[in-house]
Amino acid sequence: NATLYNDDAYDRIRVLQKEKIIVDHIITDPPFAISQKNNFNTMKNPRKGVYFGDWDNSFDLYTWIGEYEKILDKNGSFIVFCSYRYISFIIEEMESNNLIVKDVIRWNKTNPMPRNINRRYVQDTEFAIWAVKKNAKWVFNKPKDVPYLRTGFDFPVVSGKEKTDHPTQKSLQLMKEIVRIHTKENQLIMDPFMGSGTTGVAALELNRRFIGIEINQDYFEIAKKRIKTT
Ligand code: SAM
């Protein structure tokens with residue numbers, strides 16, 4: 001059970017608000033606004049810097065949060081991936097929009113891409129901020145067979161058959177772990193910046209429902225195909 005929109009999340013939210021849609025959880029990976037069109041001049045073979053596309057550079061990182069908070073259920077979780085550079089700003093935006101940050105989750109990439117390795121650390125971590133509303137009875141499905149859950153998840157970056165043409169595709173294993181811990185079966189999960197639809201695939205494979213939005217038509221087609229075959 002999935003509804004997918006090829007639309008701008010900033011436009012679609014007005015329709016969703018008008019229709020009085022309420023979602024149980026928002027789990028999303030918005031553009032990080034970190035693309036750089038640089039050349040690594042110090043490297044022997046100059047190559048293009050990290051550039052995901054214009055959608056990444058011009059994105060308004062903050063104002064969508066308050067609008068989407070309005071359609072989140074009172075007990076819902078709001079989980080947002082972000083670059084380490086923006087963690088404090090996103091936390092501030094969330095907490096000035098009726099949300100309370102509970103924890104910062106880490107994805108520890110077990111097979112990070114080695115670049116510029118003699119000059120800096122390998123970039124092997126991504127962060128996701130988890131927030132809930134005041135007085136929420138939030139979902140936290142700690143498995144019975146572990147004493148506690150740690151904030152770091154160790155998974156490889158996508159490769160092989162799983163990989164699509166989306167440049168920043170998240171690991172399906174990672175997204176399934178997050179969905180399993182933070183949501184219940186049959187609940188409705190929204191991803192306003194779904195990219196290749198990984199959150200949606202995770203949601204459906206775990207018997208949750210899904211609403212996704214993606215502005216780019218090529219990425220939207222990838223998501224549609226992945227989610228349909230799930
Ligand atoms: N988690 C996704 C996956 O596993 O494939 C990747 C998400 S990627 C970091 C962010 C996505 O947001 C991009 O695919 C981009 O096209 C999309 N996007 C950018 N601006 C948008 C907007 N205003 N509305 C909807 N989607 C947007």
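Biologist: Which residue has a backbone N or O atom 2.8 Å from an oxygen atom of the ligand?
Modeller: This is a predicted model. Polar contacts here are pairs of N or O atoms within 3.5 Å. A backbone atom of one residue lies 2.8 Å from a ligand oxygen, inside that limit. The residue is Lys170.

Biologist: How far from an oxygen atom of the ligand is the polar side-chain atom of Ser196?
Modeller: His166 also brings a polar side-chain atom to a ligand oxygen, at 2.8 Å. Ser196 does so with a side-chain atom too, and its distance is 2.6 Å.

Biologist: How much of the ligand does the protein bury?
Modeller: Start with the ligand alone, which exposes 610 Å². Around it stand 22 residues, with Ala9, His166, Ser196, Thr198 and Glu214 the closest. The share of the ligand's area that the protein buries is 97%.

Biologist: How many residues of the shell around the ligand are nonpolar?
Modeller: Sort the shell by class. Charged residues number 5. Polar residues number 7. The nonpolar count is 10.

Biologist: Which strands stand at the edges of the sheet, and why is one side of each left without a neighbour?
Modeller: The open sheet has 8 strands, in the order E1-E8-E7-E2-E3-E5-E4-E6, with mixed pairing. Each edge strand has a single partner strand, so one side has no neighbour in the sheet. From one strand to the next, the twist averages 20°. The edge strands are E1 (2-5) and E6 (152-155).

Biologist: In which sense do E4 and E6 pair?
Modeller: Strands of a sheet can pair parallel or antiparallel, through backbone hydrogen bonds. E4 runs antiparallel to E5, joined by 9 bridges. With E6, E4 shares 4 bridges, and Trp107 stands opposite Phe153. The sense of the E4 and E6 pairing is parallel.

Biologist: Which residue is the bridge partner of Ile100 in E5?
Modeller: Strand E4 covers residues 99-109, and E5 covers residues 125-133. Leu99 stands opposite Lys133 in E5. The partner of Ile100 is Val132.

Biologist: What angle does the direction of helix H4 make with that of E4?
Modeller: Helix H4 (residues 87-95) packs on the sheet. H4 touches E3 (77-82), E4 and E5. Its direction makes an angle with that of E4 of about 150°.

Conventions. Residues are numbered from 1 along each chain as its sequence is written. This is a predicted model: local features need pLDDT of at least 70, side-chain atom pairs count only at pLDDT 80 or more; totals for chains, interfaces and linings use all residues. Side-chain values use heavy atoms; hydrogens and water are left out. Two strands pair if DSSP finds at least two bridges between them. Helices (H or I, at least four residues) and strands (E, at least two) are DSSP runs, numbered from the N terminus. Axes are lines fitted to C-alpha atoms, for helices over the stretch in contact, and angles run from 0 to 180 degrees between N-to-C directions. Contact means heavy atoms within 4.5 Å. A residue is near a molecule or strand if one of its heavy atoms lies within 4 Å of it. A polar contact is a pair of N or O atoms within 3.5 Å; within protein, one must be able to donate a hydrogen and the other to accept it, and residues adjacent in sequence count only if both atoms are side-chain atoms. Accessible areas come from the Shrake-Rupley method with a 1.4 Å probe; for residues, only the protein chains shown count as cover. Ala, Val, Leu, Ile, Met, Phe, Trp, Tyr, Cys and Pro count as nonpolar, Asp, Glu, Lys and Arg as charged, and the others, Gly among them, as polar.
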